[in-house]
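Work through the exercises below with the sequence and coordinates open. Each task is followed by a solution in steps.

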Amino acid sequence: MTRPAMSEGRTAHIAWRLHRHTGNATGASNATGTGDHDDGGTGGPPALLLLHGFTDSAACWEPVVPALAGHGGIGGIGGIGGIGGIGGIVATDARGHGDSGLPDGPVGSERHAADQALVLDDLGVTEPVVVIGHSMGALTALTLAATRPELVAALVLEDPPPYGMGAGPRGVPSWLADLRALDLPGRVAYAREHHPAWGEAELPPWALSKEQIDPRYCERPGTALDPLHDLAPDVRCDTLLVYGDADLGGMVTDADADTFRKAAAGTVTTVRVPGAGHNVRRDTAGAYLRAVRAFLDEVRPRPPH
């Protein structure tokens, strides 16, 4: 399968990966510094923004980028344009994750959303993009849509935490400390044993991301997190909420999904994927991509204010 060309860069403290389809074999370039980036050979701003979950990184999206770029059947986004033609896909490392820095001050969805707006500005985005987020990244996507609606055409939310959280620091979770005590091959072996449904390509970036996260991130105070349905009335764009089974580790329940759908200002499509837990796209990649593809085929631009 032909992969989009990938360039890397930074906007302030945020590292990002920009993927564009050039029609050639896999390519890569590198650029660093605010405003200093390679267009990957096609020009134009990205049309998809990918936001990872807590302790993951932008590289964790690599296994699904070809399908999202159009090679898996998504030739374009209705009313927005073909991903492979006029735009591309940008995946960012959240602050304190991957190759991104960790500025002073609190962390949380509001800071993460402001970081994403900074990146989109730097990449020259003038039209709203589709934002796809997992877990923490899904909450960032929701917050971005609520606070900067002109930047977001539609949302894909993969199992976001449905409950509110306080603002105080929580410390490094014991499960993360245990994983960080392993070497990289040990973490890959752990994932292979405990997540047998994951594709082999998922394992190395997941394992590497656990040593890349800055542990100070977990010690920082964060902004208080509202319950999922409290954010819904401020989100007017079309939204896909995709989630798994609670008894397999999924966070969103059918009741949570229904409450969110009823509270949202925009149209919400909910899809529960049987056999998936919290990591829907890793546990059931085919079902996840089918749900996203169907949604992107139907999504329409956000109406003007």
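**Exercise 1.** Which residues of α3 are buried, and what do they pack against?

*Solution.* The model is a predicted one. Going along helix α3, the buried positions are Ser109, His112, Ala113, Asp115, Gln116, Ala117, Val119, Leu120 and Asp122. Next, look up the partners of these side chains: the strands are β1 (5–11), β2 (14–20), β4 (48–51), β5 (89–92) and β6 (129–134), and helix α4 is also on the list. Just past the end of α3, Gly124 has a positive phi of about 80°.

**Exercise 2.** Check the end-to-end span of helix α3 against the value expected at 1.5 Å a residue.

*Solution.* Helix α3 covers residues 109–122, which is 14 residues. The expected span is 1.5 Å times one less than the number of residues, so the prediction for α3 is 20 Å. The C-alpha atoms at its two ends are 20 Å apart, and the two values agree.

**Exercise 3.** Is Thr143 buried or exposed, and which residues does it contact?

*Solution.* Thr143 belongs to helix α4. Its relative accessible area is 8%. The cut-off for buried is under 20%, so Thr143 counts as buried. With neighbours within four places in sequence set aside, Thr143 contacts Ser109, Glu110, Ala113 and Arg148. Of these, Ser109 and Ala113 are among the buried residues of α3.

**Exercise 4.** Describe the largest nonpolar core and find what surrounds Leu155.

*Solution.* The core contains 36 residues, and Val131, Leu142 and Leu155 have the most contacts inside it. Helix α4 (residues 136–147) gives the largest share, six residues. A second core, separate from this one, has 26 residues, including Leu50, Val65, Val292 and Leu296. For Leu155, leave out neighbours within four places in sequence; the contacts are then Val131, Ala141, Leu142, Ala145, Val235, Cys237, Asp238, Thr239, Leu240 and Phe295.

**Exercise 5.** How many cavities of 30 Å³ or more does the structure have, and what lines the largest?

*Solution.* A search of the whole structure returns one cavity at that threshold. The volume of the largest cavity is about 40 Å³. Its lining consists of Leu51, His52, Thr92, Ala94, His112, Gln116, Met136, Gly137 and Thr140. Sorted by type, the lining has three nonpolar residues, six polar and no charged. Sorted by element, α3 and α4 each give at least two residues, and the largest share, three residues, is from α4. His112 and Gln116 of this lining also appear among the buried residues of α3.

Methods. Residues numbered from 1 in each chain as written. Predicted model: local features only at pLDDT ≥ 70, side-chain atom pairs only at ≥ 80, totals over all residues. Heavy atoms only, no water. Core = buried A, V, L, I, M, F, W, Y, C linked by side-chain atoms within 4.5 Å. Buried < 20%, exposed > 50% of the residue type's maximum accessible area, 1.4 Å probe, protein only. Helix = DSSP H or I, 4+ residues; strand = E, 2+ residues; numbered from the N terminus. Contact = heavy atoms within 4.5 Å. 1 Å grid on protein atoms, 1.4 Å probe; cavity = no way out; pocket = protein on both sides within 12 Å on 5 of 7 lines; lining within 4 Å. Points joined across faces, edges and corners; volume = space filled by probe spheres on them. Nonpolar A, V, L, I, M, F, W, Y, C, P; charged D, E, K, R; others polar.
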